[in-house]
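Ready for some practice in reading a protein model? Work through the exercises below, trying each task yourself before you look at the solution.

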Amino acid sequence: MPRPSARIAITVVASLVPMLALAGSVFLNGVKIDGVTNTRFEKATVRIDAEGNIYIDAPGYAARVTTVTPATPTPATHSTATPPAAAPLDAGIVAQAPAPAVPVAPSTSPGRISQRYWLVTEQTTPGMTDFDIDVYVNSRWLRRLRNNEDQVVVDITSQLRPGANAVTLIARKQAGGSRRSTSPGNVFKVIIGEGNEGGGNVMIDTPLIRFQKTAADVQDATEEFTLTTR
């Protein structure tokens, strides 16, 4: 069975019962651990020298010996039961298995933009809707699209970052004078998407954002979009 992925610590308590004298001592990775019982080491090398000392080389295990004076129990509370693991002990050894390498999750953020992104306007008849439209990309003002100008075609790739981008379009009705049209057939459209340029023309292959106002509309409007580049 493979080892768990989390770090594991096992504490083994030295027996409080007097031990018979041994010919030598026991060492774990160079640390003397005489008196420790009920312990098993995996993938360890054991050697015994001429004086009877036992040396255990167990990579991944660490020995720590402490000396703590246990509390003296009163007659009323004296008990021969084995103290709980949290009670003060004479000595202890911590055997710690090495934590396996934790796989690093691949980065989910894209490194760069491989496509080109364009903003294109379309108007049935320029100037008839009386709306100007401000364009913001990631809270930064990009430009104003005026209702009386000809078609606008802008490559906005350099204004975008890899991944998600916030695009905000704000349409404002231009006051002053009489309205040139109230027909819903007069439309001012803004389209943003992936496209290509060739032969002096721009083709939007994948429209991602569509926004429009008509001459029949009288209220200002704001719309927020999320444009995810690739």
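**Exercise 1. Decide whether Y117 is buried or exposed, then describe its surroundings.**

Solution. Keep in mind that this model is predicted.

Step 1: Look up the relative accessible area of Y117, which is 0%. Buried means under 20%, so Y117 counts as buried.

Step 2: Place the residue in the chain. Y117 belongs to strand 7, which covers residues 117–123.

Step 3: List the neighbours. Leaving out residues up to four places away in sequence, Y117 touches twelve residues by name: V154, D155, I156, T157, L160, G193, E194, L208, L227, T228, T229 and R230.

Step 4: Pick out two of these partners. With E194, there is a polar contact of 3.1 Å between the two side chains. T229 is 112 residues away from Y117 along the chain, yet their C-alpha atoms are separated by 8.4 Å.

**Exercise 2. Find out which elements build the largest nonpolar core.**

Solution. Here is a helpful background idea: in soluble globular proteins, nonpolar side chains tend to be buried together.

Step 1: Start with the size. The largest nonpolar core contains 21 residues, and L119, I133, L145, L169, V190 and I192 have the most contacts inside it.

Step 2: Go through the elements. Two or more residues each come from strand 7, strand 8 (131–137), strand 11 (164–173), strand 12 (187–198), strand 13 (201–214) and strand 14 (221–228). Strand 8 contributes the most, namely four residues.

Step 3: Zoom in on L119. Among the residues that L119 touches are V135, L145, V190 and I192.

**Exercise 3. Work out the order of the strands in the open sheet of four strands.**

Solution. Step 1: Read the order, which is 9-8-11-14, with antiparallel pairing.

Step 2: Find the edges. Strand 9 (140–145) and strand 14 each pair on one side only, and these are the edge strands.

Step 3: Check the angle. Ignoring direction, neighbouring strands of this sheet are turned by 20° against each other on average.

Step 4: Look at one pairing. Strand 8 and strand 11 are joined by seven bridges in the antiparallel sense, and V135 stands opposite L169 in strand 11.

**Exercise 4. Classify the aromatic pair of F27 and Y55.**

Solution. Step 1: Note the geometry. The ring centres of F27 and Y55 are 5.0 Å apart, with 10° between the planes. Planes under 30 degrees apart count as stacked, so this pair is stacked.

Step 2: Compare the burial of the partners. F27 has a relative accessible area of 18% and is buried, whereas Y55, at 22%, counts as partly exposed.

Methods. Residues numbered from 1 in each chain as written. Predicted model: local features only at pLDDT ≥ 70, side-chain atom pairs only at ≥ 80, totals over all residues. Heavy atoms only, no water. Buried < 20%, exposed > 50% of the residue type's maximum accessible area, 1.4 Å probe, protein only. Contact = heavy atoms within 4.5 Å. Polar contact = N/O pair within 3.5 Å; in protein donor to acceptor, adjacent residues only side chain to side chain. Core = buried A, V, L, I, M, F, W, Y, C linked by side-chain atoms within 4.5 Å. Pairing = 2+ DSSP bridges. Axes fitted to C-alpha atoms, helices over the stretch in contact; angles between N-to-C directions. Phe/Tyr/Trp six-rings, centres within 6.5 Å; stacked < 30°, edge-to-face > 60°.
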